Amino acid sequence: MYIVLAISGGADSMALAYAVSRAVGPNKCYALTVDHGFRSESSREAKDVSRLMQHLGITHEIRRLDWDGTGSSKGNTTSLPPVQRLEEIARERRYAEIAGVCHKHGIGAVLTGHHAGDQAETFLLRLLRQSGIYGMAGMALQTPLIAAAPREWPSTTMPAVIVRPLLQFKKEALYEICKTQGIRWHEDASNKDARFRRNQLRQLIGAKSKDPKSPFNVDSLLRMCDIMQGHREYINQEVGRHLASSAKFDTSSGTVELAATDGKRGLPLWATNAAVRERVLADVVSWINCKGHPPELAHLQQFSKALDSYYRQPSVAAAAVSAAGVTAISPSSRRGWLFCRQAPRPGEIAPHEELALGSSVVWDKRLIVSASWLGNQLPGSATWCLYSLDDAMRRWHGQISEHRNQLKRARKRLEPHMVQVTQPVVCIRIADTSSAQTYPVLALGHVLESRPEMAASGIDIAIRALGKVGSAANEIVR
């Protein structure tokens, strides 16, 4: 079993490659360099990294990001995203490439060279973003690679995890490893580009690194991370207790229901303490939107204000409030607070087509959907597809509308419309020598009764949420 090493060519990742290859053996390491193509010299540097990995005895692969859709490797930067989102989009695409390698080789762990300086920068970034205690606790030693799972993989496997073994090591120590072992590295000139907030903070921390009294040196910032981690550990215990008693995580729809009262009247117990309330809401939001960073405090405060407004005057409170890509729907007589993905914009969720039966995909970066055929031999060749409800209604409006009416007549459980529009529609495509037809087989959370032969033949569809909550939760699996 390989371990993937994410190697940029900098001193931190080169020290990582040396240390890990010596610890587990180079034959168990698979190094990957993602060439972003931002600089004219990046291709040459990636090839040099390949030679360095060969010297260490480590298998190495280079993947270059294609920004213009041509597959060009000539450094075309005319199609780059706007600078305000360049780092975020580049990071997403980098991890998508890493996830693809993990899928290709059946690898379950990715090691990165994030070090103490990166942790200090992350603390300041999240402080400026008002992330709250959990954001300022910094990067975790291990996190799931959830935001960039491969397009399709066998349903028996799961996305990999990211491990950051160097978080306690300062950059200077990693330079020293490279120097003493004679390992070359590259300095990325873009790390000094002051247009990017992280680079601005890196320069600030570097300027204060030798001042022990400065609140901006690495040691001071790491101490703050440690303090926040202590607070996080205590609050986790309280949050876990409240989630276990007050939350229902529906893994098939990606929704969360939180109790609306304490069994009598007034605020529910999970909402009475401000710190616990913030973390309960943060866990719920993170579980639903599956982003790689904690929600901003300002977004959590929007939800908190909606709660306060509802309990002051429920008759005039807003029916729903949205923030951080999540919508909170006010309680009804049948349920508590319902949290779901914010309604997608038209075309926001790309369709998945021509998927092999027996495979799984990550849909909308938050739901794992799989489809298998358990019945008799299908006529012709068969694949399956995934569409948003908006896309599916344009193609099969009559079938899905009749399906909704049948569910209502049968008094089957239907989610509120704000939830329905966030759910996938599963279709099967059957092709023979003369034609091909695509049928919706699951929509609005139920198998279409208009396609009974599909259900009877044994198509097995499973949907489960990709998000994870650190503490206990009442999960509903349908």
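## The N-terminal cap and course of helix 8

In this predicted model, the N-terminal end of helix 8 is capped by Asn-217, a side-chain oxygen of which lies 3.1 Å from the backbone nitrogen of Asp-219. The helix itself covers residues 218–246, and because each residue is taken to contribute 1.5 Å, its 29 residues should span 42 Å, a value with which the 40 Å between its end C-alpha atoms agrees. Helix 8 nevertheless contains a kink of about 25°, centred on Ile-235.

Ile-235, the residue at the centre of that kink, is also one of the buried residues of helix 8. The others that are buried are Val-218, Ser-220, Leu-221, Leu-222, Cys-225, Met-228, Val-239, Gly-240, His-242, Leu-243 and Ser-246. As a general point, an α-helix has 3.6 residues a turn, so residues three or four places apart point the same way.

## Ala-189 in a loop

Ala-189 belongs to the loop that connects helix 6 (171–180) with helix 7 (197–208), and its relative accessibility of 48% is why it counts as partly exposed, a class that ends at 50%. Although Ala-189 and Arg-39 are 150 residues apart along the chain, their C-alpha atoms are separated by 8.6 Å.

## Gln-420 in helix 12

Gln-420 is part of helix 12, which comprises residues 417–420. Its relative accessibility is 7%, and Gln-420 therefore counts as buried, the cut-off being under 20%. When neighbours within four places in sequence are left aside, Gln-420 is in contact with Leu-389, Arg-404, Leu-414, Glu-415 and Leu-444.

Terms used
Residues are numbered from 1 along each chain as its sequence is written. This is a predicted model: local features need pLDDT of at least 70, side-chain atom pairs count only at pLDDT 80 or more; totals for chains, interfaces and linings use all residues. Side-chain values use heavy atoms; hydrogens and water are left out. Helices (H or I, at least four residues) and strands (E, at least two) are DSSP runs, numbered from the N terminus. The expected span of a helix is 1.5 Å times one less than its number of residues. The bend at a residue is the angle between axes fitted to the seven residues ending there and the seven starting there. Buried means under 20% relative accessible area, exposed over 50%, partly exposed in between (1.4 Å probe, protein chains only). A polar contact is a pair of N or O atoms within 3.5 Å; within protein, one must be able to donate a hydrogen and the other to accept it, and residues adjacent in sequence count only if both atoms are side-chain atoms. Contact means heavy atoms within 4.5 Å.
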